[in-house]
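Okay, thanks everyone, let me get the picture up on the screen. I'll keep this short, and please stop me if something is unclear.

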Amino acid sequence: MSVKHAKPNFSQSQVVELVKRLFSLTPFEIRSLPSYDDQNFYVAAVEGGEYVLKIMNSEDSKNSTLIEVQTYVMSFLHQNGLPAQTALPTTSGQLMSLEEIDCGYGCQKYLVRLLTYLPGNTISKVPVTPQLLYEIGKTAARMDTILQEAEHSHLSALQREKFIWSLSNVPLLEAYITLLDGDPLQEVVKSVIHQYKATVVPKRSNFRKCINHGDFNDLNVLVQPDESGGHRISGIIDFGDVNSGYYIHELAIAIMYMMIEHPKPIEVGGPVLAGWESVFPLNEAERGCLYVLVLSRFCQSLVLARHSVTLHPENAEYLMISSKKGVHILCQLWELGKEQVEKVWFQGAAQFSDRK
(Lines give C-alpha, C1' and ligand atoms only; values in the text may rest on other atoms or scores of the structure.)
Protein backbone atom coordinates (compact mmCIF):
# COMPACT_ATOMS: atom_id res chain seq x y z
CA MET A 1 0.00 0.00 0.00
CA SER A 2 1.50 3.28 -1.08
CA VAL A 3 -0.30 5.66 1.27
CA LYS A 4 1.36 5.96 4.65
CA HIS A 5 -1.74 6.71 6.72
CA ALA A 6 -4.24 4.54 4.84
CA LYS A 7 -4.41 1.90 7.59
CA PRO A 8 -7.22 2.81 10.02
CA ASN A 9 -6.49 3.39 13.68
CA PHE A 10 -9.91 3.33 15.37
CA SER A 11 -10.16 3.47 19.16
CA GLN A 12 -12.34 1.09 21.18
CA SER A 13 -14.80 3.90 21.93
CA GLN A 14 -15.12 4.66 18.19
CA VAL A 15 -15.78 0.95 17.58
CA VAL A 16 -18.51 0.85 20.25
CA GLU A 17 -20.17 3.92 18.73
CA LEU A 18 -20.05 2.44 15.19
CA VAL A 19 -21.51 -0.91 16.20
CA LYS A 20 -24.34 0.71 18.18
CA ARG A 21 -25.21 3.25 15.49
CA LEU A 22 -24.95 1.02 12.42
CA PHE A 23 -26.13 -2.34 13.73
CA SER A 24 -28.09 -1.55 16.91
CA LEU A 25 -25.85 -3.92 18.86
CA THR A 26 -24.20 -3.26 22.23
CA PRO A 27 -20.65 -4.64 22.47
CA PHE A 28 -19.61 -6.07 25.83
CA GLU A 29 -16.28 -7.45 24.62
CA ILE A 30 -13.99 -5.95 21.98
CA ARG A 31 -10.49 -7.04 21.11
CA SER A 32 -8.17 -6.20 18.27
CA LEU A 33 -7.37 -8.90 15.66
CA PRO A 34 -4.21 -8.94 13.49
CA SER A 35 -4.36 -7.42 10.01
CA TYR A 36 -2.05 -6.49 7.14
CA ASP A 37 -3.49 -3.12 6.15
CA ASP A 38 -7.07 -2.96 7.49
CA GLN A 39 -8.30 -2.95 11.10
CA ASN A 40 -10.23 -5.91 12.52
CA PHE A 41 -12.00 -6.23 15.87
CA TYR A 42 -13.63 -9.19 17.57
CA VAL A 43 -17.00 -8.02 18.92
CA ALA A 44 -19.33 -9.92 21.27
CA ALA A 45 -22.75 -8.31 21.66
CA VAL A 46 -25.02 -8.12 24.71
CA GLU A 47 -27.89 -9.11 22.39
CA GLY A 48 -26.04 -12.34 21.51
CA GLY A 49 -23.71 -13.24 18.68
CA GLU A 50 -20.00 -12.91 17.93
CA TYR A 51 -18.77 -10.79 15.05
CA VAL A 52 -15.74 -9.32 13.34
CA LEU A 53 -15.90 -5.60 12.65
CA LYS A 54 -13.78 -5.05 9.55
CA ILE A 55 -12.67 -1.48 8.83
CA MET A 56 -11.07 -1.20 5.39
CA ASN A 57 -8.06 1.04 4.83
CA SER A 58 -8.88 4.40 3.25
CA GLU A 59 -7.33 3.45 -0.13
CA ASP A 60 -9.32 0.23 -0.62
CA SER A 61 -12.40 1.99 0.74
CA LYS A 62 -12.43 4.09 -2.44
CA ASN A 63 -13.37 0.98 -4.43
CA SER A 64 -16.75 0.08 -2.95
CA THR A 65 -17.73 -1.99 -6.00
CA LEU A 66 -14.81 -4.36 -5.46
CA ILE A 67 -15.67 -4.71 -1.75
CA GLU A 68 -19.30 -5.37 -2.68
CA VAL A 69 -18.22 -8.22 -4.99
CA GLN A 70 -15.90 -9.65 -2.31
CA THR A 71 -18.80 -9.64 0.15
CA TYR A 72 -20.98 -11.40 -2.42
CA VAL A 73 -18.27 -14.03 -3.05
CA MET A 74 -18.13 -14.84 0.69
CA SER A 75 -21.89 -15.14 0.88
CA PHE A 76 -22.03 -17.31 -2.26
CA LEU A 77 -19.47 -19.75 -0.83
CA HIS A 78 -21.37 -19.85 2.46
CA GLN A 79 -24.61 -20.69 0.64
CA ASN A 80 -22.79 -23.50 -1.15
CA GLY A 81 -21.53 -25.18 2.00
CA LEU A 82 -18.08 -23.68 2.53
CA PRO A 83 -17.35 -22.02 5.90
CA ALA A 84 -16.97 -18.41 4.77
CA GLN A 85 -18.10 -15.33 6.69
CA THR A 86 -21.22 -13.40 5.79
CA ALA A 87 -21.91 -9.70 6.34
CA LEU A 88 -24.61 -8.50 8.71
CA PRO A 89 -26.86 -5.80 7.20
CA THR A 90 -26.90 -2.38 8.85
CA THR A 91 -30.16 -1.08 10.33
CA SER A 92 -30.83 0.49 6.92
CA GLY A 93 -30.28 -2.85 5.13
CA GLN A 94 -26.83 -2.20 3.62
CA LEU A 95 -24.02 -4.77 3.78
CA MET A 96 -21.43 -2.03 4.26
CA SER A 97 -21.24 1.59 5.29
CA LEU A 98 -18.81 4.32 4.24
CA GLU A 99 -17.90 6.23 7.39
CA GLU A 100 -16.04 9.53 7.49
CA ILE A 101 -14.07 9.56 10.74
CA ASP A 102 -10.88 11.08 12.12
CA CYS A 103 -8.78 8.36 13.72
CA GLY A 104 -5.65 10.47 13.98
CA TYR A 105 -4.88 11.45 10.38
CA GLY A 106 -7.67 13.95 9.75
CA CYS A 107 -11.10 13.02 8.40
CA GLN A 108 -10.94 10.07 6.02
CA LYS A 109 -13.51 7.65 4.61
CA TYR A 110 -13.47 4.00 5.67
CA LEU A 111 -15.74 1.17 4.54
CA VAL A 112 -17.12 -0.72 7.52
CA ARG A 113 -18.66 -4.21 7.59
CA LEU A 114 -19.77 -6.46 10.44
CA LEU A 115 -19.00 -10.09 9.56
CA THR A 116 -19.98 -13.29 11.29
CA TYR A 117 -17.26 -14.64 13.56
CA LEU A 118 -15.95 -18.10 12.63
CA PRO A 119 -14.65 -20.34 15.44
CA GLY A 120 -11.31 -22.09 15.30
CA ASN A 121 -7.57 -21.58 15.28
CA THR A 122 -5.49 -20.53 12.31
CA ILE A 123 -3.58 -23.38 10.67
CA SER A 124 -0.39 -21.66 11.86
CA LYS A 125 -1.27 -22.81 15.42
CA VAL A 126 -1.84 -26.56 14.85
CA PRO A 127 0.29 -29.49 13.61
CA VAL A 128 0.05 -29.64 9.82
CA THR A 129 -0.55 -33.34 9.09
CA PRO A 130 -0.65 -34.88 5.60
CA GLN A 131 -4.42 -35.39 6.04
CA LEU A 132 -4.94 -31.70 6.86
CA LEU A 133 -2.82 -30.72 3.85
CA TYR A 134 -4.99 -32.95 1.69
CA GLU A 135 -8.09 -31.15 3.04
CA ILE A 136 -6.46 -27.79 2.29
CA GLY A 137 -5.91 -28.75 -1.34
CA LYS A 138 -9.39 -30.21 -1.67
CA THR A 139 -11.09 -27.17 -0.08
CA ALA A 140 -9.16 -24.70 -2.24
CA ALA A 141 -10.21 -26.56 -5.39
CA ARG A 142 -13.83 -26.83 -4.22
CA MET A 143 -13.86 -23.10 -3.54
CA ASP A 144 -12.71 -22.22 -7.05
CA THR A 145 -15.07 -24.66 -8.74
CA ILE A 146 -18.03 -23.30 -6.73
CA LEU A 147 -17.10 -19.74 -7.72
CA GLN A 148 -17.38 -20.71 -11.40
CA GLU A 149 -21.15 -20.57 -10.84
CA ALA A 150 -21.09 -17.09 -9.26
CA GLU A 151 -23.26 -14.43 -10.90
CA HIS A 152 -23.05 -10.75 -10.02
CA SER A 153 -23.49 -7.65 -12.15
CA HIS A 154 -20.02 -6.38 -11.15
CA LEU A 155 -17.90 -9.55 -11.37
CA SER A 156 -15.74 -7.65 -13.87
CA ALA A 157 -14.40 -5.66 -10.89
CA LEU A 158 -12.29 -8.75 -10.14
CA GLN A 159 -10.24 -8.15 -13.30
CA ARG A 160 -7.62 -6.34 -11.25
CA GLU A 161 -5.14 -5.50 -14.01
CA LYS A 162 -2.25 -4.10 -11.96
CA PHE A 163 -2.98 -5.95 -8.71
CA ILE A 164 0.51 -6.55 -7.31
CA TRP A 165 -0.46 -9.76 -5.46
CA SER A 166 -1.92 -11.48 -8.53
CA LEU A 167 0.23 -14.34 -9.82
CA SER A 168 -0.50 -12.93 -13.29
CA ASN A 169 1.59 -9.88 -12.36
CA VAL A 170 4.87 -11.33 -11.11
CA PRO A 171 6.97 -9.07 -13.43
CA LEU A 172 5.64 -6.02 -11.54
CA LEU A 173 7.98 -7.07 -8.70
CA GLU A 174 10.89 -5.69 -10.74
CA ALA A 175 9.92 -2.20 -9.59
CA TYR A 176 10.71 -3.21 -6.00
CA ILE A 177 13.85 -5.25 -6.59
CA THR A 178 16.18 -2.50 -5.30
CA LEU A 179 14.76 -3.15 -1.81
CA LEU A 180 16.97 -6.25 -1.87
CA ASP A 181 20.19 -4.44 -2.82
CA GLY A 182 23.11 -6.10 -1.06
CA ASP A 183 21.00 -9.15 -0.16
CA PRO A 184 21.93 -12.47 -1.82
CA LEU A 185 18.18 -13.11 -2.09
CA GLN A 186 18.06 -10.51 -4.89
CA GLU A 187 19.70 -12.86 -7.41
CA VAL A 188 17.23 -15.65 -6.64
CA VAL A 189 14.24 -13.30 -7.03
CA LYS A 190 15.60 -11.98 -10.35
CA SER A 191 16.14 -15.54 -11.58
CA VAL A 192 12.61 -16.62 -10.60
CA ILE A 193 11.07 -13.61 -12.40
CA HIS A 194 13.14 -14.53 -15.47
CA GLN A 195 11.92 -18.16 -15.28
CA TYR A 196 8.35 -16.91 -14.90
CA LYS A 197 8.59 -14.83 -18.08
CA ALA A 198 10.31 -17.62 -20.00
CA THR A 199 8.20 -20.61 -18.92
CA VAL A 200 4.88 -19.50 -17.40
CA VAL A 201 3.83 -16.60 -19.64
CA PRO A 202 3.99 -18.67 -22.89
CA LYS A 203 1.82 -21.42 -21.36
CA ARG A 204 -0.77 -19.18 -19.73
CA SER A 205 -3.23 -19.55 -22.63
CA ASN A 206 -3.58 -23.21 -21.57
CA PHE A 207 -4.41 -22.41 -17.94
CA ARG A 208 -8.08 -22.68 -16.99
CA LYS A 209 -9.60 -19.46 -15.71
CA CYS A 210 -11.53 -18.99 -12.49
CA ILE A 211 -12.05 -16.62 -9.57
CA ASN A 212 -9.24 -16.91 -7.00
CA HIS A 213 -9.40 -16.30 -3.25
CA GLY A 214 -5.83 -15.22 -3.89
CA ASP A 215 -4.50 -15.52 -0.33
CA PHE A 216 -5.34 -19.04 0.85
CA ASN A 217 -2.72 -18.99 3.56
CA ASP A 218 -1.87 -20.29 7.04
CA LEU A 219 -3.51 -17.28 8.72
CA ASN A 220 -6.65 -17.23 6.54
CA VAL A 221 -7.76 -20.83 7.05
CA LEU A 222 -9.29 -21.78 10.42
CA VAL A 223 -9.47 -25.30 11.85
CA GLN A 224 -11.12 -27.08 14.76
CA PRO A 225 -10.36 -30.50 16.30
CA ASP A 226 -12.28 -33.39 14.71
CA GLU A 227 -13.39 -36.77 16.11
CA SER A 228 -10.31 -38.63 14.86
CA GLY A 229 -7.81 -36.50 16.79
CA GLY A 230 -6.93 -34.40 13.74
CA HIS A 231 -8.40 -31.13 12.51
CA ARG A 232 -11.10 -30.08 10.07
CA ILE A 233 -11.40 -26.75 8.28
CA SER A 234 -13.87 -24.49 10.10
CA GLY A 235 -13.36 -21.18 8.31
CA ILE A 236 -11.99 -19.38 5.26
CA ILE A 237 -11.41 -15.70 5.92
CA ASP A 238 -10.02 -12.53 4.31
CA PHE A 239 -11.31 -12.19 0.76
CA GLY A 240 -9.44 -8.92 0.16
CA ASP A 241 -7.28 -10.44 -2.60
CA VAL A 242 -10.10 -12.03 -4.62
CA ASN A 243 -9.31 -11.66 -8.31
CA SER A 244 -9.90 -13.17 -11.72
CA GLY A 245 -7.10 -15.65 -12.19
CA TYR A 246 -6.46 -19.31 -12.86
CA TYR A 247 -7.01 -22.51 -10.94
CA ILE A 248 -3.28 -23.21 -10.90
CA HIS A 249 -2.63 -19.91 -9.11
CA GLU A 250 -4.79 -20.93 -6.15
CA LEU A 251 -2.97 -24.24 -5.82
CA ALA A 252 0.47 -22.61 -5.99
CA ILE A 253 -0.49 -20.09 -3.31
CA ALA A 254 -1.87 -22.79 -1.00
CA ILE A 255 1.27 -24.93 -1.35
CA MET A 256 3.58 -21.98 -0.73
CA TYR A 257 1.94 -20.86 2.50
CA MET A 258 1.56 -24.39 3.89
CA MET A 259 5.30 -24.90 3.39
CA ILE A 260 5.98 -22.07 5.84
CA GLU A 261 4.22 -23.98 8.62
CA HIS A 262 5.85 -27.36 8.01
CA PRO A 263 9.05 -28.85 9.49
CA LYS A 264 9.76 -30.52 6.11
CA PRO A 265 8.49 -27.88 3.66
CA ILE A 266 9.33 -29.75 0.45
CA GLU A 267 7.00 -32.62 1.41
CA VAL A 268 3.95 -30.33 1.62
CA GLY A 269 3.28 -30.25 -2.12
CA GLY A 270 2.32 -33.94 -2.40
CA PRO A 271 -0.72 -34.10 -0.10
CA VAL A 272 -1.96 -30.59 -1.08
CA LEU A 273 -1.75 -31.58 -4.76
CA ALA A 274 -3.52 -34.91 -4.08
CA GLY A 275 -6.38 -33.09 -2.35
CA TRP A 276 -6.60 -30.54 -5.14
CA GLU A 277 -6.64 -33.16 -7.91
CA SER A 278 -9.35 -35.15 -6.12
CA VAL A 279 -11.60 -32.25 -7.19
CA PHE A 280 -9.84 -30.66 -10.17
CA PRO A 281 -7.07 -32.58 -12.00
CA LEU A 282 -4.41 -30.36 -13.56
CA ASN A 283 -3.66 -30.32 -17.26
CA GLU A 284 -0.13 -30.64 -18.64
CA ALA A 285 0.59 -26.90 -18.90
CA GLU A 286 -0.64 -26.23 -15.35
CA ARG A 287 1.40 -29.11 -13.97
CA GLY A 288 4.52 -27.92 -15.78
CA CYS A 289 4.27 -24.42 -14.29
CA LEU A 290 3.46 -25.30 -10.69
CA TYR A 291 7.07 -25.18 -9.46
CA VAL A 292 7.81 -21.72 -10.88
CA LEU A 293 4.45 -20.37 -9.67
CA VAL A 294 5.13 -21.54 -6.09
CA LEU A 295 8.55 -19.85 -6.19
CA SER A 296 6.96 -16.73 -7.70
CA ARG A 297 4.57 -16.50 -4.76
CA PHE A 298 7.48 -16.76 -2.35
CA CYS A 299 9.08 -13.83 -4.21
CA GLN A 300 5.90 -11.76 -4.01
CA SER A 301 5.55 -12.46 -0.31
CA LEU A 302 9.17 -11.65 0.54
CA VAL A 303 9.59 -8.55 -1.63
CA LEU A 304 6.22 -6.99 -0.79
CA ALA A 305 6.69 -7.62 2.94
CA ARG A 306 9.95 -5.66 2.75
CA HIS A 307 8.12 -2.88 0.93
CA SER A 308 5.33 -2.78 3.54
CA VAL A 309 7.82 -2.62 6.40
CA THR A 310 9.30 0.56 4.91
CA LEU A 311 5.79 2.07 5.08
CA HIS A 312 4.66 0.56 8.39
CA PRO A 313 7.71 -0.14 10.58
CA GLU A 314 5.42 -0.32 13.62
CA ASN A 315 3.72 -3.40 12.10
CA ALA A 316 6.99 -5.10 11.15
CA GLU A 317 6.53 -8.20 13.31
CA TYR A 318 3.21 -9.15 11.66
CA LEU A 319 4.36 -8.18 8.16
CA MET A 320 7.51 -10.30 8.39
CA ILE A 321 5.84 -13.50 9.67
CA SER A 322 6.20 -15.35 6.37
CA SER A 323 9.59 -13.87 5.56
CA LYS A 324 11.52 -15.38 8.43
CA LYS A 325 11.11 -18.94 7.16
CA GLY A 326 10.26 -18.02 3.59
CA VAL A 327 13.74 -16.87 2.56
CA HIS A 328 15.25 -20.19 3.62
CA ILE A 329 12.57 -22.27 1.86
CA LEU A 330 12.75 -20.26 -1.37
CA CYS A 331 16.53 -20.73 -1.55
CA GLN A 332 16.16 -24.43 -0.81
CA LEU A 333 13.55 -24.87 -3.58
CA TRP A 334 15.72 -22.95 -6.03
CA GLU A 335 18.84 -24.99 -5.21
CA LEU A 336 17.00 -28.32 -5.51
CA GLY A 337 15.65 -27.30 -8.91
CA LYS A 338 12.39 -27.98 -10.77
CA GLU A 339 12.98 -31.64 -11.59
CA GLN A 340 13.89 -32.65 -8.05
CA VAL A 341 11.03 -30.75 -6.40
CA GLU A 342 8.43 -31.95 -8.91
CA LYS A 343 9.51 -35.52 -8.28
CA VAL A 344 8.84 -35.12 -4.55
CA TRP A 345 5.49 -33.40 -5.17
CA PHE A 346 4.09 -35.60 -7.93
CA GLN A 347 5.24 -38.89 -6.43
CA GLY A 348 3.99 -37.76 -3.03
CA ALA A 349 0.59 -36.92 -4.51
CA ALA A 350 0.36 -40.30 -6.27
CA GLN A 351 1.28 -42.20 -3.10
CA PHE A 352 -1.19 -40.21 -1.02
CA SER A 353 -4.02 -40.83 -3.52
CA ASP A 354 -3.22 -44.54 -3.58
CA ARG A 355 -3.68 -44.67 0.20
CA LYS A 356 -7.08 -42.97 0.00
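I'll go through a sheet, then a helix, then a single residue.

One thing up front: what you're looking at is a predicted model.

So, the sheet. It's an open one, made of three strands in the order S7-S9-S10, and the pairing is antiparallel. At the edges you have S7, which is just 121-122, and S10, at 231-236; each of those pairs on one side only. Now, sitting against this sheet is helix H3, residues 130-147, which touches S9 and S10. If you compare directions, H3 makes about 35° with S10.

Let's take the strand pairs one by one. S7 and S9, where S9 is residues 221-225, pair over two bridges, in the antiparallel sense. If you want a residue to click on, go to Asn-121: its bridge partner in S9 is Val-223.

On the other side, how many bridges join S9 and S10? Five, and again the sense is antiparallel. Val-221 is a handy marker here, with Ile-236 as its bridge partner in S10. These two strands, S9 and S10, form a hairpin, and there are five residues between them. Have a look at Gly-229 in that turn: the phi there is positive, about 90°.

Right, on to helix H4, residues 185-200. That's 16 residues, and from the first C-alpha to the last it reaches 21 Å, close to the 22 Å you'd expect at 1.5 Å a residue. Which residues of H4 are buried? Here's the list: Leu-185, Gln-186, Val-188, Val-189, Val-192, Ile-193, Tyr-196 and Val-200. Around the axis they cover an arc of only 165°, so they lie on the same side of H4.

Last stop, Tyr-110, which you'll find in strand S6, residues 107-116. Is Tyr-110 buried or exposed? Its relative accessible area is 0%, so Tyr-110 counts as buried. And if you look for Leu-98, the C-alpha atoms of Leu-98 and Tyr-110 are separated by 5.5 Å, with the two residues twelve apart along the chain.

That's my tour, so over to you for questions.

Notes
Residues numbered from 1 in each chain as written. Predicted model: local features only at pLDDT ≥ 70, side-chain atom pairs only at ≥ 80, totals over all residues. Heavy atoms only, no water. Helix = DSSP H or I, 4+ residues; strand = E, 2+ residues; numbered from the N terminus. Expected span 1.5 Å × (residues − 1). Buried < 20%, exposed > 50% of the residue type's maximum accessible area, 1.4 Å probe, protein only. Arc of directions from axis to C-beta. Pairing = 2+ DSSP bridges. Contact = heavy atoms within 4.5 Å. Axes fitted to C-alpha atoms, helices over the stretch in contact; angles between N-to-C directions.
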